[in-house]
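Please work through the exercises below with the sequence and the model side by side. Each task is followed by a solution that goes step by step.

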Amino acid sequence: MRAKITYLVTAAVLVFYFVLVGSRGLLLIEHGTLITVTFGVAVLILPVIGIWFLWKNTQFVRRANALAAELESEGGLPVDELVRTPGGRIDRDSADAVFARRREETEDSPDDWRCWFRLAVAYQDARDTPRARKAMQRAIALHMSPTPTGAPGSSAASVPSGD
């Protein structure tokens, strides 16, 4: 729940910032000189990019949460079996062992979104956020796909090594 509140507060602050920057861009355009109009248009591009980025991330989070809820209802969420240091951090060797198991599971069933979801969690536990995000995107795509996409000729069937 704390993560959702943090996300919503951050999104609200960003939207406020986009409105503020957008209004400054409009003021520059209203001034009417060549330089201010040019700067105004340039300033208006920033909120547009920011809103697009925020929208894409919000969609990603909603879809990932929907997968987590579905997996939880099936009883398939990965169990936290990681060893932790006295300070609460995940032990790297423990995360690597779980990751290796999840990678093998995904290699055996490359068309199963559940395997990709669990692999994404293992990547995150191993502190490999870019690969965790890609694995989660793959899980979302497989879940949304009406037909298997891991067929021969598909580039999505390979599992990253994590090295």
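Contact, as the word is used in these exercises, means heavy atoms within 4.5 Å. The model is a predicted one.

**Exercise 1. Describe the overall make-up of the protein chain.**

Step 1: the protein chain holds five helices and zero strands, and from the N terminus on its elements run α-α-α-α-α.
Step 2: of the 163 residues in the protein chain, 28% are buried.
Step 3: taking the contacts between residues at least 6 apart in sequence, 57% join residues that are at least 24 apart.

**Exercise 2. Find what leucine 67 touches, and place this residue in its core.**

Step 1: when residues up to four places away in sequence are not counted, leucine 67 touches Trp113, Phe117, Met136, Ala139, Ile140 and His143.
Step 2: Leu67 is also among the residues with the most contacts inside the largest nonpolar core, which has 18 residues, and Trp113, Phe117, Met136 and Ala139 are listed with it there.
Step 3: at least two residues of this core come from each of α2 (34-74), α4 and α5 (129-144), and α4 gives the most, with seven residues.
Step 4: apart from this core lies another, of five residues, including Leu82, Ala95, Val98 and Ala126.

**Exercise 3. Work out how helices α3 and α4 are arranged.**

Step 1: the axes of α3 (residues 92-108) and α4 (residues 113-125) come within 9 Å and cross at roughly 160 degrees.
Step 2: angles over 145 degrees count as roughly antiparallel, and α3 and α4 are therefore roughly antiparallel to each other.
Step 3: the crossing in which α3 passes α4 is left-handed.
Step 4: on the α3 side the contact is made by Ala95, Phe99, Arg102, Arg103, Glu105 and Thr106, while α4 contributes Cys115, Trp116, Arg118, Leu119, Ala122, Tyr123 and Asp125.
Step 5: sorted by class, this contact of α3 with α4 has seven nonpolar, one polar and five charged residues.

**Exercise 4. Decide whether asparagine 57 is buried or exposed, and name its contacts.**

Step 1: asparagine 57 lies in helix α2.
Step 2: a residue counts as buried under 20% relative accessible area; asparagine 57 has 16% and is therefore buried.
Step 3: leaving aside neighbours within four places in sequence, asparagine 57 is in contact with Tyr7 and Arg133.

**Exercise 5. Explain what stands out in the backbone at arginine 127.**

Step 1: arginine 127 has its place in the loop between α4 and α5.
Step 2: most residues other than glycine have a negative phi.
Step 3: arginine 127 is not a glycine, yet its phi is positive, at about 65 degrees.

How values were computed. Residues are numbered from 1 along each chain as its sequence is written. This is a predicted model: local features need pLDDT of at least 70, side-chain atom pairs count only at pLDDT 80 or more; totals for chains, interfaces and linings use all residues. Side-chain values use heavy atoms; hydrogens and water are left out. Axes are lines fitted to C-alpha atoms, for helices over the stretch in contact, and angles run from 0 to 180 degrees between N-to-C directions. Helices (H or I, at least four residues) and strands (E, at least two) are DSSP runs, numbered from the N terminus. Angles under 35 degrees count as roughly parallel, over 145 as roughly antiparallel, 65 to 115 as roughly perpendicular and the rest as oblique. A crossing is left-handed if the near helix is turned anticlockwise from the far one by less than a right angle, and right-handed if clockwise. Ala, Val, Leu, Ile, Met, Phe, Trp, Tyr, Cys and Pro count as nonpolar, Asp, Glu, Lys and Arg as charged, and the others, Gly among them, as polar. A nonpolar core is a set of buried Ala, Val, Leu, Ile, Met, Phe, Trp, Tyr and Cys residues joined through side-chain atoms within 4.5 Å. Buried means under 20% relative accessible area, exposed over 50%, partly exposed in between (1.4 Å probe, protein chains only).
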